Amino acid sequence: MAVVVPSATPISTRTAALILYWDYDTQWGGDRSRAGGGPKAWGHDEFLNTERLLELHAAFDIPACFAVVGAAALPGTRPYHDPAQIRALHAAGHEVASHSFQHEWLPGLGAAGLRETLLRSKEALEDCIGAPVESFVPPYNQPFDHAAGWSFSLSERRTAGADRIDVQRLCAALRECGYRTCRVSYRPMYQRAVEALARRRLDRPVEPELIEGVTCLRLNTPGGFAESAQSMMRRCVSSGGLGIVYGHPHSLRAGGEQDERHLVTLLEEIRRLRDADRLTVTLPRTLAQER
């Protein structure tokens, strides 16, 4: 039985804070993979590695937000479904967020398709865990297109069609469907230009921002738990603000930046800084409650 981790602490983001996300795609995400080589067979790894994540997060007393495809919460078997595991995540004190219904590419869904996936996912997850689902994480971290934030995606504009979903339209739909937070990944043109010259990412701690009434948390690490995530955590401790770190359970033993050995190193450092009152671990729903 999983040990329950403590609830996330309400914070002022003038202090150092960190949010850990896990994008729980299951085989729904594998079937719709947009990476080279077509569909991926990682569904069983998602569930098996999540069992290990429950152990690790309990051992370090660190909560996380698991963004779950809603279809995984319906009755059925692995590699597509496991409602019992999703209930275990909730029972252990982690936040269960929506990751769409079947890992759809949101920019091309159109308004009606977007509303359908948001509502179906929310309903399936809430019926599964018996609690509100307030947060959302877009599959593939898209849309990137957000004109108000000086972020423009030519590929989304070419591919998605006239009824294209951008960040603003996504957030407006989220608000209408009862969500309160969203992880976003837009990157302003001026930041990308400077990064191209520097040949490296130039991320910094962020603050929550309201877009169409939804509390948005802008991703400021490239994914994984190695030096980029650890460096961002140190910057937050030094200057305040939020670090947003994420990974996929199916990559926990794949040997890359999301590998367990990097995660354990990060969790050890988080615990050390938290115990020294230099870092707070929080959850998206907590930040929404503060605004």
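**T26.** I looked up T26 in this predicted model and found T26 buried, with a relative accessible area of 0%, which is below the 20% under which a residue counts as buried. I placed T26 in helix α1, which covers residues 26–31. I then read off the backbone angle phi of T26, which is near 55°, a positive value in a residue other than glycine.

**H103.** I turned next to H103, whose phi is near 60°, again a positive value in a residue other than glycine. H103 lies in the loop between β3 (95–98) and α4 (110–129). I asked myself whether H103 is buried or exposed. With a relative accessible area of 4%, H103 is buried.

**A64.** I found A64 in the loop that runs between α2 (43–60) and β2 (65–68), and I noted that A64 is buried, with a relative accessible area of 0%. Which residues is A64 in contact with, once its neighbours within four places in sequence are left aside? I listed L20, W22, H57, H94, E95 and L283. I also checked A64 against A92: the two are 28 residues apart in sequence, and from C-alpha to C-alpha they are 10.0 Å apart in space.

**Cis peptide bonds.** I looked at the bond between R78 and P79 and found a cis peptide bond there, with omega about 15°; P79 sits in the loop between β2 and α3 (83–91). I made a second entry for Q142 and P143, which are also joined by a cis peptide bond, with omega about 20°. P143 belongs to the loop between β4 (135–136) and α5 (154–160).

**Helices α8 and α9.** I ended with the packing of helix α8 (residues 227–239) and helix α9 (residues 260–275), whose axes are 11 Å apart and make an angle of about 10°. That angle makes α8 roughly parallel to α9, because angles under 35 degrees count as roughly parallel. I recorded the crossing of α8 and α9 as right-handed. Which residues of α8 meet α9? I found Q230, M233 and V237 on the α8 side, and on the α9 side H262, T265, L266, E269, I270 and L273. Sorting the residues of this contact between α8 and α9, I wrote down five nonpolar, three polar and one charged.

Note on methods
Residues are numbered from 1 along each chain as its sequence is written. This is a predicted model: local features need pLDDT of at least 70, side-chain atom pairs count only at pLDDT 80 or more; totals for chains, interfaces and linings use all residues. Side-chain values use heavy atoms; hydrogens and water are left out. Axes are lines fitted to C-alpha atoms, for helices over the stretch in contact, and angles run from 0 to 180 degrees between N-to-C directions. Helices (H or I, at least four residues) and strands (E, at least two) are DSSP runs, numbered from the N terminus. Angles under 35 degrees count as roughly parallel, over 145 as roughly antiparallel, 65 to 115 as roughly perpendicular and the rest as oblique. A crossing is left-handed if the near helix is turned anticlockwise from the far one by less than a right angle, and right-handed if clockwise. Contact means heavy atoms within 4.5 Å. Ala, Val, Leu, Ile, Met, Phe, Trp, Tyr, Cys and Pro count as nonpolar, Asp, Glu, Lys and Arg as charged, and the others, Gly among them, as polar. Buried means under 20% relative accessible area, exposed over 50%, partly exposed in between (1.4 Å probe, protein chains only).
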